[in-house]
Amino acid sequence: MDKETGKRGVSILGSTGSIGRQALEVVEAHPDRLRVVALTAHSNYQLLEEQARRFRPLFVGLVDEGAAAELRRRLSGTGMAVSAGAECLLEAAVHPEAEVVLNAVVGSAGLPPTLAALGAGKRLALANKESMVAGGDLVLQALREGGEIVPVDSEHGAVFHCLRGEEMRHVESIVLTASGGPFRGRRREDLASVTVREALSHPTWSMGRKITVDSATLMNKGLEVIEAHFLFGLPYSRIKVVVHPQSVIHSLVEFVDGSFAAQLSLPDMRLPISLALSYPERWGPPFTRTVLAELEKLTFEEVDRETFACLDLAYRAGEAGGTAPAVLNAANEVAVAAFLRGRLPFLGIEEVIAATLEEHRPRPVRTLQDVQEVEEWARARAEEAVETQAGNPAEPGRS
Ligand code: NAD
Ligand code: MG
């Protein structure tokens, strides 16, 4: 909290993305409570310039050096410092004026700033689930020394808030809800020919491209199972997934007495973002008001785990532990990028991940370098698997 203004300083990593832009809407709704200290993004200098002029942060950074040079030119004379390269994420994460660091970067590029923010004793509002998946053991190690995490992922935010005031020994299981994505109800053979466009039309959430594809394969839920394991410390056997197509119940906690606690509201990511920035307070008014009598029915169904094999791949990597989740995540990042480029069919995503995991013998993770080395191996291996598949499209008549 800034002593003079009484405002909480926030650094936003990934401010030009879907979560980053919605976080700025939250800041805009609470100008008397929040102020932006730092903004970073990968390469979108146009949008970052707009955001910087509007929110007047102390620090701005772009990972892409060329884009940073352009932004520096455009912001010259404003007094705002522009930093370039991946280190800008670290600078923003440890900025002395930042009380809360929102990590809304996509992919495991978010791991170094996650560790840096915790190392500096910050409250980390964590949207970047990939950092928890790739480096969960390191994140826990950092948390033992200082800092705290308030989850932004809607499911984990829901669980976190359902657990407030509860003792973990009273918890039987965590139940993560999944919308089921655009292909819910389809069979495996229907998925062979789905297009990028179809995979990108999510029924209930509007999000960045990578997480939208992850939602279509259900790898998003798989990553979230691993994220939940590290955040809440339950074994995988007590982290469950249920399909809930309306995305109104954001997740549940089941207690040993058989009762459940749930958080519900119409889907709007500004709620979990706002909860993470306001914690331990709650701020109104709501961005989206939920009128119970207007809700249609709320339904639940089992996941079709044969059609959506990515979920079990994630459970297996999570159970294997050590470097396995980092390999799962890196292979998924490569496979999703290849799918989005039109280089890999939809079902190729799980095949690339399975092939990469198959060849990996998990080792313990002790340092960031352990993670980065295994990711480098996994990316190269996954790229090979993509090329093999691209060279041999699984069409009848060609083998
Ligand atoms: P997005 O693609 O819309 O935005 C990503 C942001 O990260 C952009 O600002 C981009 O410039 C920046 N970025 C990309 N690559 C980077 C790199 N290598 N280094 C530094 N910055 C980089 O993604 P999103 O949908 O906002 O998702 C962000 C994170 O939040 C992801 O981990 C995602 O899983 C998680 N999340 C998103 C939602 C959602 O509704 N969008 C919900 C829950 C969790
Ligand atoms: Mg989620």
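How many nonpolar, polar and charged residues does the shell around ligand 1 have? In this predicted model, the shell comprises twelve nonpolar, eight polar and three charged residues. Of the 23 residues around ligand 1, those that come nearest are Thr16, Ser18, His42, Glu130 and Gly208. Domain 1 (8-152) and domain 2 (153-308) both contribute residues to this shell, so ligand 1 lies between the two domains.

Backbone atoms of the protein approach oxygen atoms of ligand 1 at several positions. A backbone N or O atom of His42 is placed 2.8 Å from an oxygen atom of the ligand, and a polar backbone atom of Gly208 is likewise found 2.8 Å from an oxygen atom of ligand 1. For Ala127, the distance between a backbone N or O atom and an oxygen atom of ligand 1 is 3.4 Å. Taken alone, ligand 1 exposes 820 Å², of which the protein buries 86%. With regard to secondary structure, the elements that supply two or more residues to the shell around ligand 1 are helix 1 (18-29) and helix 6 (129-145).

The second ligand is a magnesium ion, which is coordinated by Asp153 through OD and by Glu155 and Glu224 through OE, at distances of 2.0 to 2.2 Å. Along the sequence, the donor residues of this ion follow the spacing D-x1-E-x68-E. Of these donors, Asp153 is buried, and Glu155 is buried as well.

Two serine residues located in loops were also examined. Ser15 lies in the loop that connects strand 1 (8-13) with helix 1, the helix that is also listed among the elements giving two or more residues to the shell around ligand 1. With a relative accessibility of 0%, Ser15 counts as buried, because the threshold for that class is under 20% relative accessible area. The C-alpha atom of Ser15 is separated by 5.9 Å from that of Thr40, although the two residues are 25 residues apart along the chain.

Ser108, in turn, is found in the loop between strand 5 (100-103) and helix 5 (111-119). The relative accessible area of Ser108 is 6%, and this residue is therefore buried. The side chain of Ser108 is joined to the side chain of Arg379 by a polar contact of 3.3 Å.

Technical notes. Residues are numbered from 1 along each chain as its sequence is written. Chains are lettered from A and ligands numbered from 1 in the order in which they are written. This is a predicted model: local features need pLDDT of at least 70, side-chain atom pairs count only at pLDDT 80 or more; totals for chains, interfaces and linings use all residues. Side-chain values use heavy atoms; hydrogens and water are left out. Donors are N, O and S atoms within 2.8 Å of the metal (3.2 Å for Na, K and Ca); water is not among the atoms, so sites may look incomplete. Buried means under 20% relative accessible area, exposed over 50%, partly exposed in between (1.4 Å probe, protein chains only). A residue is near a molecule or strand if one of its heavy atoms lies within 4 Å of it. A polar contact is a pair of N or O atoms within 3.5 Å; within protein, one must be able to donate a hydrogen and the other to accept it, and residues adjacent in sequence count only if both atoms are side-chain atoms. Accessible areas come from the Shrake-Rupley method with a 1.4 Å probe; for residues, only the protein chains shown count as cover. Helices (H or I, at least four residues) and strands (E, at least two) are DSSP runs, numbered from the N terminus. Ala, Val, Leu, Ile, Met, Phe, Trp, Tyr, Cys and Pro count as nonpolar, Asp, Glu, Lys and Arg as charged, and the others, Gly among them, as polar. Domain bounds come from an automatic or database domain assignment.
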